[in-house]
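Here are my comments on the structure you sent. Please read them with the sequence and the 3D view open beside you.

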Amino acid sequence: MKAHVSSILLGVQDMERSKRFYTEGLGWKIAQDYGVSVFFAPDGGSPVGFYGREGLAEQVGTSPAGSGFSGLVLTYVVRTEARIDEVMAEAEKAGATILKPAGPLPWGGYGGSFADPDGYIWSLGYSAQGENQPYAE
C-alpha cells in the first residue's frame, strides 16, 4: 500500500451547517453534492468531503458515538476488486483491525475498512461506475 490518501471524508452531524461553513465561511467550491456526501474542488491536493456522521460510521462498520469513531475516515481508491482484497490482507497481516470485511457496498462498489494500530480508519473502495476517480494506485 502506498503512502497516499485518495480522499478525506469528515463525518458531520449537520450537512447543511457544514456546507455553509466550508463554502461561505472558508470559500471552498463544491465539486459534487450527492445529498449524503459532498466533495469540494481539491485545488491540486487530495479531495476533501464530508458525509453524514451516522451513515459514514455505518459504512465502515463502527459506532458513530464515543471513542470508537473520531468522525474521520481516510479513503483509498483502487482500480480493481482484487486489489481491495490484497490491501485488506496486507493491512491485517501488518496488525490492522478489520472493521468491515471486503465485499459489495450499498452504493454499488466494492470495498472494506480497517483500523490501523492507532485506531485511524481506512476505507478501501473500487467502483467500475466512476470516471476520473482519485485513484491511489
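The numbered points below take up the aromatic pairs, the pocket, one helix and two residues.

1. Keep in mind throughout that this is a predicted model. The values quoted here are computed from that model.

2. How many aromatic pairs are there? The count comes to 8. One of them joins Trp-28 and Phe-40, whose ring centres are 5.0 Å apart. The angle between the two planes is 80 degrees, and the pair is edge-to-face. Planes over 60 degrees apart count as edge-to-face, so an angle of 80 degrees qualifies.

3. The pair of Trp-28 and Phe-40 links distant parts of the chain, with the two positions 12 residues apart in the numbering. Trp-28 sits in the loop between helix 1 (15–25) and strand 2 (30–33), while Phe-40 belongs to strand 3 (residues 37–40). Is each ring residue buried or partly exposed? Trp-28 has a relative accessibility of 31%, so it counts as partly exposed. Phe-40 has 3%, and therefore counts as buried.

4. A second pair to look at is Tyr-76 with Trp-122. Their ring centres lie 6.4 Å apart and their planes meet at 75 degrees, so this pair is edge-to-face. Tyr-76 is part of strand 5 (residues 72–77) and Trp-122 is part of strand 8 (residues 121–126), so the pair ties together parts of the chain 46 residues apart in sequence. Tyr-76 is buried, at 0% relative accessible area. Trp-122 is buried too, at 14%.

5. Aromatic residues also appear in two further arrangements. Trp-28 and Phe-40 belong to one aromatic cluster together with Phe-21, Tyr-22 and Phe-50. Elsewhere, Arg-79 lies over the face of Tyr-135, at 3.9 Å from the ring centre.

6. The largest pocket holds about 870 Å³ of space. Its lining consists of 32 residues, and those nearest its centre are Tyr-34, Phe-39, Trp-107, Gln-133 and Pro-134. Elements that give two or more residues to this lining include strand 1 (7–12), helix 2 (53–60) and strand 7 (110–115). Which strand gives the most? Strand 8 does, with 4 residues. Sorted by class, the lining has 16 nonpolar, 15 polar and 1 charged residues.

7. Helix 2 has a buried side and another side with exposed residues. Arg-53, Leu-56, Ala-57, Gln-59 and Val-60 are buried in helix 2. These residues cover an arc of only 160 degrees around the axis, so they lie on the same side of the helix. Glu-54 and Glu-58 are exposed on the other side. An α-helix has 3.6 residues a turn, so residues three or four places apart point the same way.

8. Finally, compare sequence separation with distance in space for two residues. Arg-17 is in helix 1 and is partly exposed, at 47% relative accessible area. Arg-17 and Glu-90 are 73 residues apart in sequence, and their C-alpha atoms are 38 Å apart. Gly-95 lies in the loop between helix 3 (81–93) and strand 6 (97–104). Gly-95 is partly exposed, with a relative accessible area of 44%. Gly-95 and Asp-116 are 21 residues apart in sequence, with 7.2 Å from C-alpha to C-alpha.

Definitions and conventions. Residues are numbered from 1 along each chain as its sequence is written. This is a predicted model: local features need pLDDT of at least 70, side-chain atom pairs count only at pLDDT 80 or more; totals for chains, interfaces and linings use all residues. Side-chain values use heavy atoms; hydrogens and water are left out. Rings of Phe, Tyr and Trp (its six-membered ring) pair if their centres lie within 6.5 Å; planes under 30 degrees apart count as stacked, over 60 as edge-to-face and the rest as tilted. Buried means under 20% relative accessible area, exposed over 50%, partly exposed in between (1.4 Å probe, protein chains only). A charge sits over a ring if NZ of Lys or CZ of Arg is within 6 Å of the ring centre and within 35 degrees of the ring normal. On a 1 Å grid over the protein atoms alone, a cavity is a set of points where a 1.4 Å probe fits but cannot get out, and a pocket is an open set with protein on both sides within 12 Å along at least five of seven lines; lining residues have an atom within 4 Å of a point. Grid points are joined across faces, edges and corners, and a volume is the space filled by probe spheres set on the points. Ala, Val, Leu, Ile, Met, Phe, Trp, Tyr, Cys and Pro count as nonpolar, Asp, Glu, Lys and Arg as charged, and the others, Gly among them, as polar. The arc is that of the directions from the helix axis to the C-beta atoms.
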